[in-house]
Structures are given as structure tokens and as C-alpha cells.
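Thanks for coming. I have one structure to go through today, so please bring it up on the screen.

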Amino acid sequence: MSVDQTSWEAAVRHLYEDAYPYDATGPRRHQDWILDVLALMARIPDPRGWAGLDDAARDPEREGFPTYPFAVHPPEYVAERLQEIDRNSAENLLLALTDDRCTLSNLARFTESEEELRAMARTILARYGDGAGYHTNIKMPGHVRGTLDFTTSSWAYSPLSVYSEDCGLVIVSDTEVGMFWNFSDY
């Protein structure tokens, strides 16, 4: 499935308009893609010029702190907190990130059917191609290694930001790295 700019931007905007998101894509320039994730946290521009979402972009907290709301960490710290997941888990995670608490019950607030929302998540994933890898800071271990179980009520995450909760997905292709993150404070 190929995707065009208009469809991709519309899917991102619609799914995350009510979250506190950082949804962006940067170029993949390093074999160690964690270095590209760090550059993306510092807001490197999208290589295609496509628009993501960055609610913190105009936050006064960013002055002198370009990665805000992400905390500044060395590559090893970030790498230790991201675990690989499969494509199906990545699709579910994109849907869970649409609001706080990282749960698929967030879908109830949309007027579209679950299948329509899943089509939007697949549109987002399509940008990165079938060979992309998926990584998250969420711990919801499924029955099979590399999967997330969204039916469990107990989950954890490894924070990468200044907020009390941050949950996200990193998508790594041969040419791009995408981040889809949601922040909340309780």
C-alpha cells in the first residue's frame, strides 16, 4: 500500500487532534537509528515536508530546551527503553495513543467505526513500508514475544519525557524514522 501526503496528514491529524501529541518523521541517517530518534526529538525537519503534530512546539518551556517535552538522554538510555514489537501491535498502539492512558477504549470517542480508524492507522504505517521495524516504550507483554496485549489492565512504560506519562511508537525504515508520542500529566 502506498500513501500520499494528503491521506497521511489527514490520518495523523484526525487520530491525534485531541491528544497531546508529538507525531513527526525525520530522515534515517545512521545505522544506529537511535541517533536518528534523538535528532527527531530535537525536531529535525520531515524529509518529505509532510506535516506532523507537535503540541509543544510553541510552549515557552521549549526556550533553551529544544527537545522539550522529551528529556535529554544519551543514546544508550533511549535504546534500553525501546522494545521491538510486531506490525499488528504497532497498529493497535497507534490507535491507543489517540488519548491518555494508552488504551483501545480511546476509540469510543470517535464517530468512525473501528475498521475505519484501523484504516487510518494502516495509512500512517504505509508511509514507512512493509519492511519497517516498530519499537515502543510501553510494556504490555502479549503471549508471543514482540506483541502487546491491550486487554491487560496492568501495563507500564519507560518514560522519555518530563511528563508523568508518555507513551509512544518509533517506526524505523531504511530511509525514515517516525515517532508517534502522547504525553499526559496526572
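Cys102 is buried, with a relative accessible area of 2%. Keep in mind that this is a predicted model. Cys102 sits in the loop between α4 and α5, and its phi is near 50°, a positive value in a residue that is not glycine. Arg101 is in the loop between α4 and α5 as well, with phi near 75°, again positive and again not glycine. Most residues other than glycine have a negative phi. How exposed is Arg101? Arg101 has a relative accessible area of 44% and counts as partly exposed, whereas Cys102 is buried.

Now the helices on either side of that loop. Helix α4 covers residues 87–96 and helix α5 covers residues 114–126. Their axes are 9 Å apart, and the helices pack at an angle of about 115°. The crossing of α4 past α5 is right-handed. Which residues meet there? From α4 there are Arg87, Ala90, Glu91, Asn92, Leu94 and Leu95. From α5 there are Leu117, Arg118, Ala121, Arg122, Ile124, Leu125 and Ala126. Sorted by class, that contact has 8 nonpolar residues, 1 polar and 4 charged.

Is α4 enclosed or open, then? Of its 10 residues, 8 are buried, so α4 is largely enclosed by the rest of the structure. The buried ones are Ser89, Ala90, Glu91, Asn92, Leu93, Leu94, Leu95 and Ala96.

Glu91 is a residue I would like to pick out. Glu91 belongs to helix α4 and has a relative accessible area of 9%, so it is buried; the cut-off for buried is under 20%. Setting aside neighbours within four places in sequence, Glu91 is in contact with Arg118, Ala121, Arg122 and Leu125.

One of those contacts, Arg122, is a residue of helix α5. Buried or partly exposed? Arg122 is partly exposed, at 27% relative accessible area. With neighbours within four places in sequence again left out, Arg122 is in contact with Met1, Arg87, Glu91 and Glu115. There is also a long-range pair to point out on the screen. Arg122 and Ala11 are 111 residues apart in sequence, yet their C-alpha atoms are 9.3 Å apart in space.

That takes us to α1, residues 5–16. The axes of α1 and α5 come within 9 Å and cross at roughly 125°. The two helices are therefore oblique to each other. This crossing is left-handed. On the α1 side the contact is made by Ser7, Trp8, Ala11, Val12, His14, Leu15 and Tyr16, and on the α5 side by Leu117, Met120, Ala121, Thr123 and Ile124. By class, the contact of α1 with α5 has 9 nonpolar residues, 3 polar and no charged ones. For the contact of α4 with α5, to repeat, the charged count is 4.

Let me stay with α5 for a moment. How does its length compare with what is expected? At 1.5 Å a residue, the 13 residues of α5 should span 18 Å, and the end C-alpha atoms are 18 Å apart, which agrees. The buried residues in α5 are Leu117, Arg118, Met120, Ala121, Thr123, Ile124, Leu125 and Ala126. What do they pack against? Two helices, α1 and α4, and three strands: β4 (133–136), β7 (165–172) and β8 (176–184).

Two more places away from these helices, and then I am done. First, a peptide bond. The bond from Tyr68 to Pro69 is cis, with omega near 10°. Most peptide bonds are trans. Pro69 lies in the loop between β2 (53–54) and α3 (75–81).

Second, Asp32. Where is Asp32? Asp32 is in the loop between β1 (21–27) and α2 (34–41). Its relative accessibility is 40%, so Asp32 counts as partly exposed. In space, C-alpha to C-alpha, Asp32 and Ala79 are 9.7 Å apart, with their positions 47 residues apart in sequence numbering.

To recap the main point: helix α5 crosses α4 at about 115° and α1 at roughly 125°. The first of these crossings is right-handed, and the second is left-handed. That is what I have.

Key:
Residues are numbered from 1 along each chain as its sequence is written. This is a predicted model: local features need pLDDT of at least 70, side-chain atom pairs count only at pLDDT 80 or more; totals for chains, interfaces and linings use all residues. Side-chain values use heavy atoms; hydrogens and water are left out. Axes are lines fitted to C-alpha atoms, for helices over the stretch in contact, and angles run from 0 to 180 degrees between N-to-C directions. Helices (H or I, at least four residues) and strands (E, at least two) are DSSP runs, numbered from the N terminus. A crossing is left-handed if the near helix is turned anticlockwise from the far one by less than a right angle, and right-handed if clockwise. Contact means heavy atoms within 4.5 Å. Ala, Val, Leu, Ile, Met, Phe, Trp, Tyr, Cys and Pro count as nonpolar, Asp, Glu, Lys and Arg as charged, and the others, Gly among them, as polar. Angles under 35 degrees count as roughly parallel, over 145 as roughly antiparallel, 65 to 115 as roughly perpendicular and the rest as oblique. The expected span of a helix is 1.5 Å times one less than its number of residues. Buried means under 20% relative accessible area, exposed over 50%, partly exposed in between (1.4 Å probe, protein chains only).
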